[in-house]
Amino acid sequence: MPLPLPEKALGFGLAAVARPGYINLGRAADLGANRSVETLRTRTHTLLDSAYAAGVRYFDAARSYGRAEEFLADWLTARPEVDDVTVGSKWGYTYTAGWSTDAEQHEVKDHSLATYERQRAETDALLGDRLDLYQIHSVTPDSPALTDRNLHARLAELAATGVAVGFSTSGPAQADAVRAALAVTVDGAPLFRTVQSTYNALETSAGPALAEAHDAGLSVIVKEGMANGRLAGPHAPDALRTVAEETGLGRDAVALAFVLRQPWVRVVLSGAATVPQLAANLTAGPAVLDDERTARLAALAEDPRAYWQRRGQLPWH
């Protein structure tokens with residue numbers, strides 16, 4: 001049964017709004033000083049309302065995004081009429097910041113079977129049968145999730161219940177991780193139905209592998225289309241600013257349109273932290289850029305090792 005994902009559309013990710021600390025540039029101004037649980041719960045619900053009203057139908061959370069699953073579950077429970085959305089979450093990182101912006105460690109990665117079992121139960125307690133997609137969070141080529149046959153068997157059991165199984169990637173070797181995951185099978189059948197990777201005008205290295213995943217039948221979801229704020233607002237490079245001026249669009253919309261223009265992409269996540277940001281993001285579309293402008297933006301691509309090194313140095317705001 002096909003996973004009910006929109007085609008060539010924006011989804012909404014909760015990474016930036018369901019916890020007080022995150023690495024997006026400009027987030028301190030976006031959220032302000034009051035980041036209590038209830039303040040961010042209200043903000044998240046407002047953004048979900050706005051996204052749904054604008055036609056967004058994919059919502060993306062994770063166990064490590066603070067209280068993302070809880071906030072999303074609360075929103076779904078309060079709106080029983082919302083029965084046409086696809087809900088995705090991820091396991092593999094544990095949130096450890098204790099609702100602090102200056103914790104020494106914000107999340108801990110562990111792709112073991114034991115962590116899957118624990119976090120699957122935690123996700124089920126919150127999202128229950130509203131969960132449509134469960135992804136391994138940030139697979140890298142050395143992840144044990146790629147070789148643990150016992151884990152694969154348990155994931156296949158989950159898939160047999162109707163929950164699609166996917167994976168996300170991060171780091172300079174995303175392409176290698178995608179290709180390794182495409183080779184994972186259980187009883188001769190491919191395990192994964194979706195892949196979620198970082199792809200933007202500064203980090204395009206996963207593109208060929210994501211095209212292969214698309215050709216293999218996986219739905220491709222893109223995260224960090226604005227490079228954690230490096231392609232938006234005052235941080236946008238000159239080439240992107242020029243394209244924004246030429247098209248009359250905001251810089252963030254141009255950055256997202258660049259991703260939507262890729263033939264293999266299905267959903268691109270907005271990580272908006274405010275309603276105006278979300279509204280601006282939603283003006284993006286694959287048709288707003290021509291080949292020449294797309295090529296100018298593609299020329300911004302950095303060496304992936306340099307890109308991920310810089311990302312790793314971004315402060316938690």
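A charge sits over a ring if NZ of Lys or CZ of Arg is within 6 Å of the ring centre and within 35 degrees of the ring normal. Keep that in mind for Arg67: its charged end sits over the ring of Trp99, 5.9 Å from the centre. Arg120 does the like with Tyr134, its charged end sitting over that ring at 5.4 Å from the centre. One caveat before going on: this is a predicted model.

**The overall build**

Let's step back to the whole chain. Its secondary structure comes to twelve helices and twelve strands. Eight of the strands make a closed barrel, in the order E1-E2-E3-E6-E7-E10-E11-E12, with parallel pairing. From one strand to the next, the twist averages 30°.

How does the chain's radius of gyration fit with a compact globule of 317 residues? Such a globule would come out near 20 Å, and the chain has 18 Å, which agrees. The C-alpha trace spans about 50 × 40 × 40 Å along its principal axes. Buried residues account for 53% of the 317 in the chain. Contacts reach a long way along the sequence too: of those between residues at least 6 apart, 79% join residues at least 24 apart.

**Around the barrel, strand by strand**

Here are three of the parallel pairings, each with one pair of facing residues.

| Strands | Bridges | Facing residues |
|---|---|---|
| E3 (residues 86–91) and E6 (residues 133–139) | four | Ser89 and Tyr134 |
| E7 (164–169) and E10 | three | Gly166 and Thr194 |
| E10 and E11 (residues 219–223) | five | Thr194 and Ser219 |

Tyr134 is worth a second look, since this bridge partner of Ser89 also carries the charged end of Arg120 over its ring. Thr194 turns up twice as well, standing opposite Gly166 and opposite Ser219 in E11.

Is E10 enclosed or open? Five of its five residues are buried, so E10 is largely enclosed by the rest of the structure. Thr194, Gln196 and Thr198 point one way from the strand, while Val195 and Ser197 point the other way, and all are buried. Helix H6 (residues 174–182) lies across E6, E7 and E10, and runs at about 160° to E7.

**Rings that pair up**

The structure holds ten aromatic pairs. One of them is Phe59 with Trp75: the ring centres are 5.5 Å apart and the planes stand at 70°, so the pair is edge-to-face. Phe59 belongs to strand E2 (residues 58–60) and Trp75 to helix H3 (residues 68–78), so this pair links distant parts of the chain, 16 residues apart. Both Phe59 and Trp75 are buried.

Tyr199 and Phe258 also form an aromatic pair, this one stacked, at 6.2 Å centre to centre with 5° between the planes. Which parts of the chain does the Tyr199 and Phe258 pair tie together? Tyr199 lies in the loop between strand E10 (194–198) and helix H7 (207–215), and Phe258 lies in helix H9 (residues 251–260), so the pair ties together parts that are 59 residues apart in sequence. Tyr199 is buried, with a relative accessible area of 5%. Phe258 counts as buried too, at 2% relative accessibility.

Finally, back to Phe59 and Trp75: ring pairs link these two with Tyr52 into a cluster.

Definitions and conventions:
Residues numbered from 1 in each chain as written. Predicted model: local features only at pLDDT ≥ 70, side-chain atom pairs only at ≥ 80, totals over all residues. Heavy atoms only, no water. Phe/Tyr/Trp six-rings, centres within 6.5 Å; stacked < 30°, edge-to-face > 60°. Helix = DSSP H or I, 4+ residues; strand = E, 2+ residues; numbered from the N terminus. Buried < 20%, exposed > 50% of the residue type's maximum accessible area, 1.4 Å probe, protein only. Pairing = 2+ DSSP bridges. Axes fitted to C-alpha atoms, helices over the stretch in contact; angles between N-to-C directions. Contact = heavy atoms within 4.5 Å. Rg over C-alpha atoms; globule rule 2.2 N^0.38 Å.
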